[in-house]
Amino acid sequence: MNFDSILFLGFSFVAVMAIRFCAPGRLRDAIICVANILFILGCAKDIPPNLPGFQSFVALKLSSPVILFVVMGYFAVYAAGRMHSTRGALPILILFVITIFVWFKRYSLISFVPTLFGNIFTTIGLSYILFRILHLVIDVAQGSIRTPGFMSYLSYSTFFLNFVSGPIQRYPDFAEQSARRPAPLKYQEVYASIGRVIVGYFLIIPVSVATSALSKKFTLLFYDAVNTNGIMSYDVWGVLAIAAAVQLVNLFVNFSGYMHIVIGIGRLAGFHLPENFNHPFRSENFLDFWARWHITLSDWFKFYLFNPFLKVLVNKWGNPKSTPYLGAVAFFVTFLIIGVWHGTSLNFVFVGILFGLGVSINKIWQIEISKRLGKNRYKELCLRQWYKNISRSMALSYFSMVFALYWLTPKMIPHVTMVGFIEIGILAFLVLFSAGALTLSASDYIKSYVHLIFPTGLKKILPATTEWSELQLAAWTCIKLFAIANFAAFLSGSVPDFIYKAY
Amino acid sequence: MVRRLFINLSLTRYLLPFVIAATLILVEGYALGTSDFFVKYLLFNHKMAQADDIKFTAETEHINADIVFVGDSSSLFDVIPSVVESATGLKTYNLGVTIDAFAHGESLLLSHYLQHNHPPKYIVLHVNPWIQVNHYDTSRLGNRDGSPQWEGIWVRVRHGSFRDIAAIFTSNPESFINFPLGTLSLAGQSLENYFGQHIGDFDHIQAKITFDEVRARLAANAGFLELTEENGHHGIPDNCHFEKLEAQPDNEYIQSFRRRYSTKDTTVLVFIAPIPDCDESLASLQHAYGGLVDLPPRSMPPRYFQKQAYSSSHTMLPGAIANSQNAGAYIRELRSRELP
């Protein structure tokens, strides 16, 4: 069930109406569960090839790893609720859940282990179900939340709006919203939510089609440039730098578009899903980037890996001098695991190491520079525009280049060795970083001139907006829907798939 | 409960913008699909559909051919009228269109031609051997109840009477929505193609070509359209392999076609398109079509065919010449038997 399909919209409409209609309780949970199961089967049905047989059974068979994982997850949650002491038993339960996940997800490192499900099956959503199950296992074991009933667990762990790629919602939030009768909707809220969904579709249809076409074009240009000019060429570094930047924009557009859609639909159904992005291109450094990009993932890792791991390190080796550096170590390990979680091959271990190096070096830099300059002077430095531009450009360029490991296909440039690959990466990073810093500085320069001409700012020149009536909002929504429907119809067949579905 | 239901029902008013936007998009699709602007400027990545449209219009009036080939795309691409003409000495015209345009517009196409031309001596139904096999084509001739593809609806909407249009939408209600959306999608693909963005999965057959070019080619070649190499067609390899399939000719349709168009002046013939000689089905096809059609399928070298597919592998120029010579030879022999 693709997010850009009429089927998904129709399905969401029926699900939202049914969820809103039912009073909180078992019936409502049951409706959410049915919607979740239909959504999972719908996702499995899209998987090629079309196998013979009654399609619902085929979809059920294809999605059996997800279903089995959810059921096993409940056993783990139930067992966690029965534990008298978390010491000893909890790590075993966590290990059990992670082992099942790694096995079902077919990590290439354990490819020798036979699978339960044959060669064709889907693991869409499995990674995010893992987070929800681990969250429940840990919190239930620690007594922060009570063991949920099976229906409630099922509706949470497979909730159709955040099933594929989040946002990762905490169970207490979900349970509270699920148990609450949705407040009557005001027309402003309805049109604001619909508007959010439309923004999402605008991002995943016309914008994503354009960015995806551009990224494909620059990627092919890069392969051509390497195969023609070798690795020591300005063209090669420049094209790779552009391709990496465009791929990052493409990922952001695609992923944030999906988030707008599910958050908008969620609000109509009475669920306030957490935000997953907060202007990541305004990040001031690599640590700040992760606080703005895929926020719910970073938060999850912060609560369930970084904090406990740092606590263990501090307990063992902590003293006033070493504690800040232990934080850098904890960052490295956390981001290494975030990288590994993203995929099943060795490539993702490298990605994890590079993510880990990025954040830990950033942390060590912060510690060292504030030591040398003193906290106040360091704060002053951070407020300087040139410093902001350099660190922002460095953070974004670094992420773009690490992300290149996801989409670059070494087979396309067979004569390039590993060392050559690293060389190109470093040089392209330098090109992208310099170009980024210069562009940001240039934009500041232009902004300062605009400010001279319009000292009050552009916003104050425009007439103040008044609150729109329902009819005005309906008309405006209608125009936006018509425009999006046109984009969808004209570009049908070219709309790229949801990228993060693969992770 | 009743109050909640009422509150929920009141929410349905928010559907109004969706309903209006959906209605507008359907209207836009129909308006575009029926316009000449669409055919001329927004369909150039689909030369077969352009050819369809031309054959339903005044371009096929006052031709007065003696032999008229009609049928699916195997007729359009596999029969060269000039070759048939030189073999028979009779003026020949190729009225072949896409399978869907033929399946859903056959009577429109032929009635338009017959109204504006002298009755031909021969009407030759030339079709691909596989179009009547269930799992290879949903829009085969014998299954008019199957959901039609875009071209089938389009020729009816553009050239049919109100009754024709109503009939196709009554039997295929889903097409009422699919057709305008398909129109907009084709327009989008054309625009992408025009601007050189090969974003979608285009078939090679949909290479950029303008309406005027198609019209000129059809006029110069008496309705025949050549599959050219610049469109990516280089012939299929000699080591190709097609497994044997069982053929199920549509006896009823072929008999009905003969009945409908046979007159004292016109003889109806049925020819089946050739297949590559790496296809193991030749014997079974010849057996299935034997006695039912005038010219059963024969095999030709694989390099004569453009695509490795059962139902849509058309011949390239050398194959089309060979096929046309074969068809011409059959008609010449038939005439020599008929003439005193």
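Analyst: Let's start with a term: a helix here is a DSSP run of H or I covering at least four residues, and helices are numbered from the N terminus. Tyr289(B) sits in one such run, helix 13 of chain B. Keep in mind that this is a predicted model.

User: Okay, so why is Tyr289(B) called buried?

Analyst: The cut-off for buried is under 20% relative accessible area. Tyr289(B) comes out at 0%, so it counts as buried. A polar atom of its side chain lies 2.7 Å from the backbone oxygen of Pro129(B).

User: What makes that pair with Pro129(B) a polar contact?

Analyst: The limit is 3.5 Å between N or O atoms, one able to donate a hydrogen and the other to accept it. The 2.7 Å between the Tyr289(B) side chain and the Pro129(B) oxygen is within that limit, so the distance fits.

User: Which other residues of helix 13 of chain B are buried?

Analyst: Leu282(B), Ser284(B) and Leu285(B) join Tyr289(B) on the buried list for this helix, which spans residues 282–289.

User: How do you know where on the helix they sit?

Analyst: Look down the axis of helix 13 of chain B: the buried residues fall within an arc of 165°, so they line one face. On the other side, Ala283(B) and His287(B) are exposed. The buried residues pack against strand 4 (267–272), strand 5 (275–276) and strand 6 (299–300) of chain B. After the helix comes Gly291(B), with a positive phi near 85°.

User: What does chain B look like overall?

Analyst: Chain B has 14 helices and six strands. Of its 340 residues, 57% count as buried.

User: Let's turn to salt bridges. What makes Arg258(B) and Asp294(B) one?

Analyst: A salt bridge needs a side-chain nitrogen of Lys or Arg within 4 Å of a carboxyl oxygen of Asp or Glu. The closest N and O atoms of Arg258(B) and Asp294(B) are 3.1 Å apart, so the pair qualifies. Arg258(B) is in helix 12 of chain B and Asp294(B) in the loop between helix 13 and strand 6, 36 residues apart. Arg258(B) is buried too, at 18% relative accessible area.

User: Why does Lys388(A) with Glu284(A) count as a salt bridge?

Analyst: Their closest N and O atoms are 3.9 Å apart, which is within 4 Å, so this pair counts. Lys388(A) lies in helix 16 (residues 385–407) and Glu284(A) in the loop between helix 10 and helix 11 of chain A, so the pair ties together parts 104 residues apart in sequence.

User: Are Lys388(A) and Glu284(A) buried or exposed, and what makes them so?

Analyst: Lys388(A) has 17%, under the 20% cut-off, so it is buried. Glu284(A), at 32%, falls between the 20% and 50% cut-offs, so it is partly exposed.

User: What about chain A and chain B together: how many salt bridges are between them?

Analyst: One. Arg13(B) pairs with Glu470(A), the closest N and O atoms being 2.7 Å apart, and that is within 4 Å, so the label holds. Helix 1 (6–21), helix 9 (187–229) and helix 19 (470–490) of chain A each supply at least two residues of the side of chain A that touches chain B. Helix 19 gives the most, ten residues. By class, that side has 21 nonpolar, five polar and five charged residues.

User: How much area is buried between the two chains?

Analyst: About 2500 Å², with carbon and sulfur atoms giving 68% of it. In chain A, Phe21(A), Phe482(A) and Phe490(A) lose the most area to chain B, together 26% of what that side buries.

User: One last oddity: what is said of the phi of His294(A)?

Analyst: Phi there is near 45°, a positive value in a residue other than glycine. Most residues other than glycine have a negative phi. His294(A) lies in the loop between helix 11 (286–292) and helix 12 (295–317) of chain A. Its relative accessible area is 0%, under 20%, so His294(A) is buried.

User: Which residue contacts His294(A) from another loop?

Analyst: Asn276(A), from the loop between helix 10 (234–269) and helix 11 of chain A, has His294(A) among its contacts. Asn276(A) is also at 0%, so it counts as buried. A polar contact of 2.7 Å joins the side chains of Asn276(A) and Thr296(A).

Terms used
Residues numbered from 1 in each chain as written. Chains lettered and ligands numbered in written order. Predicted model: local features only at pLDDT ≥ 70, side-chain atom pairs only at ≥ 80, totals over all residues. Heavy atoms only, no water. Buried area = accessible area lost by both parts, 1.4 Å probe. Nonpolar A, V, L, I, M, F, W, Y, C, P; charged D, E, K, R; others polar. Buried < 20%, exposed > 50% of the residue type's maximum accessible area, 1.4 Å probe, protein only. Arc of directions from axis to C-beta. Contact = heavy atoms within 4.5 Å.
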